[in-house]
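Walk through this model with me, one region at a time. Keep the sequence and the coordinates side by side.

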Amino acid sequence: MTGTRRKLTTIFSADVQDYTRLMRADEEGTLDTLKKYRGAMSRLIETHGGRVVNTWGDGLIAEFASVVEAVRAALDIQNEVAGYNADRPDDTRMLFRIGINLGDVIAEGDDIYGDGVNVAARLQASASAGGIVISSTVYDQVRNKVAVGFESLGQVPVKNIEGGVLSYAIRIGEDSSRSAQQEAAPADTRIGPIAARDTATAIPKWRSYGVLGAVSAGILAINLLSWDGEFWAPWPILGIATLAALSWIRNTRQVDQVLAMLTILGVALTCINLLAWHGTFWAAWPLLAMAVLGSIRWFTRRSAEP
């Protein structure tokens with residue numbers, strides 16, 4: 001086929017649960033809400049390195065080069081939509097279902113086609129309202145990289161694919177790891193060691209930060225015990241603290257990652273300026289630039305929210 005090519009990509013499919021009912025009750029209000037929510041979804045998709053391929057009705061297809069970022073985008077979207085819905089009456093809340101698949105597709109221009117897209121759409125249709133369902137190809141890539149729980153759903157029937165597609169629901173919420181371990185115990189028993197690793201991914205990474213803290217204390221002790229008049233320990237400790245903070249914001253969905261990163265870099269630059277003080281506060285200039293970028297980010301995000 002002229003102008004077409006095949007590629008491996010992560011397909012993200014989303015639609016609105018009970019969209020027909022919402023439209024029947026209030027067409028104009030539902031369309032207005034859909035536009036606002038979809039604007040927020042598009043922003044988060046782009047933030048995670050994805051692109052919106054197509055939209056139709058209440059549906060949306062996007063693709064990502066990174067499987068992990070696709071799942072993180074889905075989690076951010078569901079959490080943000082849940083926040084928007086919190087102040088709305090139950091019968092007007094707009095809940096999205098999301099399906100994610102890693103597969104081979106046919107690309108033609110900006111569009112993608114093929115079984116890889118069909119599988120993502122089928123997984124999305126099998127998701128609960130406000131839920132996320134992923135294929136086993138996605139699960140294999142993210143199970144040790146995203147701090148959530150998983151529940152095996154078995155084989156989801158998909159047209160033209162014999163035996164269906166093995167799929168997993170992602171547990172969203174504070175008790176995701178515990179609920180996944182308790183409610184999916186029979187499936188975990190069948191899967192064996194894989195399930196044990198899944199629940200481990202939901203364990204907070206405070207141990208890693210504790211190790212970094214111990215290393216920093218060790219560096220400080222070495223500096224003091226081998227004192228030769230130079231207090232050099234703050235430099236490696238600052239580097240460790242900055243890396244730990246950047247790691248934390250990359251794995252959390254509680255803050256805006258761009259704003260948090262600008263804040264951390266600003267604090268780091270200020271510390272560098274003070275530790276290497278020569279009578280000039282040169283950090284003021286990059287801090288001003290970061291403040292402008294942060295303000296633009298803040299107002300852009302607020303304008304996209306419903």
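What follows is a tour of the helices, a strand and the ring pairs.

Start with confidence. This is a predicted model. The mean pLDDT of the protein chain is 83, and 83% of its residues reach 70 or more. Residues 174-204 need caution: pLDDT stays under 50 there. The model still has 36 contacts beyond four places in sequence for that stretch.

Now turn to helix α2, residues 27-47. The helix has 21 residues and reaches 30 Å from its first C-alpha to its last. That is close to the 30 Å expected at 1.5 Å a residue. Its N-terminal end is capped by Asp 26, with a side-chain oxygen 3.0 Å from the backbone nitrogen of Gly 29. Just after the helix, Gly 49 takes a positive phi of about 80 degrees. The buried residues of α2 include Thr 30, Thr 33, Leu 34, Tyr 37, Met 41, Leu 44 and Ile 45. Spacing along a helix matters here. An α-helix has 3.6 residues a turn, so residues three or four places apart point the same way.

The buried set of α2 also holds two arginines, Arg 38 and Arg 43. Take Arg 38 to begin with. Is Arg 38 buried or exposed? Its relative accessible area is 18%, and the cut-off for buried is under 20%, so Arg 38 counts as buried. Where does its side chain reach? The side chain of Arg 38 reaches the backbone oxygen of Gly 57 at 2.8 Å. Beyond its neighbours within four places in sequence, Arg 38 is in contact with Thr 55, Trp 56, Gly 57, Asp 58, Gly 59 and Leu 60. In space, the C-alpha atoms of Arg 38 and Ile 77 are 9.7 Å apart, although 39 residues separate the two in sequence.

Arg 43 leads across to helix α3, residues 67-85, where Glu 80 lies. The side chains of Glu 80 and Arg 43 are joined by a polar contact of 2.4 Å. Glu 80 also makes a side-chain polar contact with Tyr 84, at 2.6 Å. With a relative accessible area of 12%, Glu 80 is buried.

Tyr 84 brings in the aromatic rings. The model has six aromatic pairs. One of them is Tyr 37 with Tyr 84, a tilted pair at 5.4 Å centre to centre and 55 degrees between the planes. This pair links distant parts of the chain, with Tyr 37 in α2 and Tyr 84 in α3, 47 residues apart. Both Tyr 37 and Tyr 84 are buried. Ring pairs link Tyr 37, Tyr 84 and Phe 96 into a cluster.

A second pair is Tyr 139 and Tyr 168. Their ring centres are 3.8 Å apart and their planes at 5 degrees, so the pair is stacked. Tyr 139 lies in helix α5 (residues 136-142) and Tyr 168 in strand β8, so the pair ties together parts 29 residues apart in sequence. Tyr 139 and Tyr 168 are both buried.

Strand β8 leads to β6, residues 132-135. Both faces of β6 are covered. Ile 132 and Ile 134 are buried on one side, Val 133 and Ser 135 on the other. What pairs with β6 in the parallel sense? Strand β4, residues 96-108, does so over three bridges. Ile 98 stands opposite Ile 132 in β6. Strand β8, residues 161-171, runs antiparallel to β6 and is joined to it by three bridges. Here Ser 135 stands opposite Ser 167 in β8.

Notes
Residues numbered from 1 in each chain as written. Heavy atoms only, no water. Helix = DSSP H or I, 4+ residues; strand = E, 2+ residues; numbered from the N terminus. Buried < 20%, exposed > 50% of the residue type's maximum accessible area, 1.4 Å probe, protein only. Contact = heavy atoms within 4.5 Å. Polar contact = N/O pair within 3.5 Å; in protein donor to acceptor, adjacent residues only side chain to side chain. Expected span 1.5 Å × (residues − 1). pLDDT = per-residue confidence, 0-100. Pairing = 2+ DSSP bridges. Phe/Tyr/Trp six-rings, centres within 6.5 Å; stacked < 30°, edge-to-face > 60°.
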